[in-house]
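Subject: Structure handover

Hello,

Here is the structure I promised to pass on. Please open it alongside this note; my findings follow below.

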Amino acid sequence: MAKTESPNANVDPSVLKGLDNYVNLPAAQQPTWYDSGVLEASKAELSKLPPLVFAGEVDTLRSRLADAAAGKAFLLQGGDCAETFADATADRIRNRVKTLLQMAVVLMYGSSLPVIKMGRMAGQFAKPRSNNTETRDGVELPAYRGDAVNGYDFTAESRLNDPRRLLQAYHTSASTLNLIRAFTTGGFADLRSVHEWNKGFTDNPANIRYETLAKEIDRAIQFMAAAGADFEGLKTTEFYVSHEGLLFDYERPMTRIDSRTNTPYITSGHFIWIGERTRQLDGAHVDFLSRVRNPIGVKLGPSTSPSDVIELIEKLDPNREPGRLTFITRMGAGKIREEMPKLVEAVKGTDANPLWITDPMHGNGITTKNGYKSRRFDDVMDEVRGFFEVHKAAGTFPGGIHIELTGDDVAECLGGSEQIDEATLEERYESLCDPRLNHMQSLELSFLVAEELGKR
Ligand code: PEP
Ligand code: CO
């Protein structure tokens with residue numbers, strides 16, 4: 001058989017070299033794997049597996065995000081704090097997709113803007129942790145770093161940082177994404193199914209409000225049908241996947257050279273973000289992600305300075321490419337009105353046009369008296385309101401929300417119209433990581449955001 005040309009033959013060698021520059025830089029939050037030989041074998045296997053997403057899709061997403069940055073679309077990004085292998089089941093994936101579709105409809109109806117749907121799904125398997133180890137009853141073991149690294153069970157065997165899990169993360173992402181693609185292109189996401197998406201969830205006030213809205217949409221569709229409109233475009237919907245780009249041992253082997261453009265794309269997800277704990281300006285994560293073509297997000301916590309923001313723009317979006325850079329602010333309800341304006345103002349004085357979205361989850365963590373990691377729904381709502389206020393005052397566009405949610409009927413965040421209290425957490429708390437809004441709280445939040453968008 002004739003030898004085929006190496007896929008990287010036409011690539012500028014400095015581009016390939018640059019992709020590995022991160023190894024020379026401090027990389028926060030990387031696991032210490034139990035065996036380097038197993039790691040090398042896992043990386044080699046990953047690098048041969050097919051891409052999960054395609055460069056052309058990534059480019060389309062970038063142009064959609066450019067629309068959002070320009071005030072012509074809104075981004076809805078949501079899913080688990082940490083996906084798990086065990087929960088990658090048809091029911092749970094479907095419930096999350098349905099919840100996101102419902103939220104998107106509420107937002108679209110309220111704002112009359114296209115809503116870009118993006119899951120924290122099909123790849124969100126690695127977590128940054130405050131400590132390398134966890135101690136229980138005098139026993140110290142490696143901290144749980146997400147299913148791509150180790151298991152949650154508190155045993156030495158499960159907490160072993162095992163590189164073979166990187167392959168399982170890939171395969172679980174592939175099957176999750178396969179189902180998402182089937183749901184969103186196979187008829188399930190047809191806008192004429194708005195009522196269907198509400199089925200199977202226990203009755204609650206947010207559901208009922210949703211039903212009312214779904215009836216209005218039905219009437220509008222019937223009206224358009226009578227007027228002879230063509231509904232082909234409603235049958236399918238674009239749905240993108242995203243995760244935190246944390247583990248170099250996963251993201252680097254999943255980075256491929258696009259044969260059309262000879263440029264590198266991370267093919268483990270469409271959109272990759274850098275977490276609050278790994279956004280050091282001279283660190284490995286910023287360097288690595290500056291070299292790929294995907295749209296990139298950066299979390300910004302309350303300690304972010306205006307110069308950090310300007311330098312992040314210089315590093316990650318030197319060409320000021322529309323849709324390239326998203327800032328995901330996660331200030332906390334008590335801080336957003338004070339800490340955010342200076343960041344937005346600093347960017348306003350430049351030629352950059354990043355997309356600003358709010359993560360009203362990660363700045364509002366509390367630990368309840370009975371020991372649960374939780375968040376108050378009122379704080380989440382308050383941060384969202386603060387986000388809209390700051391952008392209104394600055395004259396900039398509040399372009400999206402980033403939410404930890406599930407379609408399941410869990411009790412992890414306090415409050416909401418179901419008034420989840422501390423005792424209820426003991427009954428229905430399932431998250432292995434941060435607390436998520438449940439189905440009803442997610443819908444309630446989308447109604448609030450729709451109202452805020454409608455006011456503009
Ligand atoms: C997360 O998104 O789950 C996360 C860890 O967020 P942050 O980087 O904002 O703390
Ligand atoms: Co989280």
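The second largest cavity holds about 50 Å³ of space. This is a predicted model, so treat every value here as computed from it. The residues that line this cavity are Gly 245, Leu 246, Leu 247, Phe 248, Glu 251, Ile 266, Ile 272, His 285, Phe 288 and Leu 289. Two elements, helix 7 and helix 8 (284-290), each give two or more residues to that lining. Helix 8 has the largest share, with three residues. By class, the lining splits into seven nonpolar, two polar and one charged.

The largest cavity comes next. Its space is about 70 Å³. Around it sit Gly 123, Phe 125, Ala 126, Ala 148, Ala 169, His 243, Glu 244, Leu 246, Leu 247, Tyr 250 and Glu 251. Strand 5 (240-244) and helix 7 (248-251) each supply at least two of these lining residues. Seven residues of the lining are nonpolar, two are polar and two are charged. Leu 246, Leu 247 and Glu 251 appear in the linings of both cavities. Over the whole structure, the search finds three cavities of 30 Å³ or more.

Now the pockets. How much space lies in the largest pocket? About 820 Å³. Its lining counts 38 residues, and those nearest the centre are Arg 129, Arg 277, Lys 373, Cys 433 and Asp 434. Strand 3 (133-136), strand 12 (365-367) and strand 13 (373-375) each bring at least two residues to this lining. The classes here are 13 nonpolar, eleven polar and 14 charged residues.

The second largest pocket has about 470 Å³ of space. It is lined by 21 residues, and Arg 252, Pro 253, Thr 255, Arg 256 and Ile 257 are the closest to its centre. Helix 1 (13-19), helix 2 (36-48) and strand 6 (255-257) each supply at least two residues of the lining. Which element gives the most? Strand 6 does, with three residues. By class, eleven residues of this lining are nonpolar, five are polar and five are charged.

Next, the ligand. Which residues surround ligand 1? They are Cys 81, Arg 120, Lys 127, Pro 128, Gly 275, Glu 276, Arg 277, Lys 299, Arg 330, His 362 and Glu 404. Arg 277 is in this group, and Arg 277 is also among the residues nearest the centre of the largest pocket. Three contacts with oxygen atoms of ligand 1 deserve a look. Arg 330 places a polar side-chain atom 2.6 Å from an oxygen atom of the ligand. Lys 127 also uses a polar side-chain atom, at 2.7 Å from a ligand oxygen. For Glu 276, a backbone N or O atom lies 2.8 Å from an oxygen atom of ligand 1.

Last, the sheet. Eight strands form a closed barrel, in the order 1-2-5-8-9-10-11-14, with parallel pairing. On average, neighbouring strands in this sheet are turned by 30° against each other, direction ignored. Strands of a sheet pair through backbone hydrogen bonds, and that pairing is either parallel or antiparallel. Take strand 1 (residues 74-79) and strand 2 (residues 115-119): they pair in the parallel sense over five bridges. Within that pairing, Gln 77 has Met 118 of strand 2 as its bridge partner. Strand 5 is part of the barrel, and strand 5 also contributes to the lining of the largest cavity.

Best wishes

Definitions and conventions: Residues numbered from 1 in each chain as written. Chains lettered and ligands numbered in written order. Predicted model: local features only at pLDDT ≥ 70, side-chain atom pairs only at ≥ 80, totals over all residues. Heavy atoms only, no water. 1 Å grid on protein atoms, 1.4 Å probe; cavity = no way out; pocket = protein on both sides within 12 Å on 5 of 7 lines; lining within 4 Å. Points joined across faces, edges and corners; volume = space filled by probe spheres on them. Helix = DSSP H or I, 4+ residues; strand = E, 2+ residues; numbered from the N terminus. Nonpolar A, V, L, I, M, F, W, Y, C, P; charged D, E, K, R; others polar. Pairing = 2+ DSSP bridges. Axes fitted to C-alpha atoms, helices over the stretch in contact; angles between N-to-C directions. Near = heavy atom within 4 Å. Polar contact = N/O pair within 3.5 Å; in protein donor to acceptor, adjacent residues only side chain to side chain.
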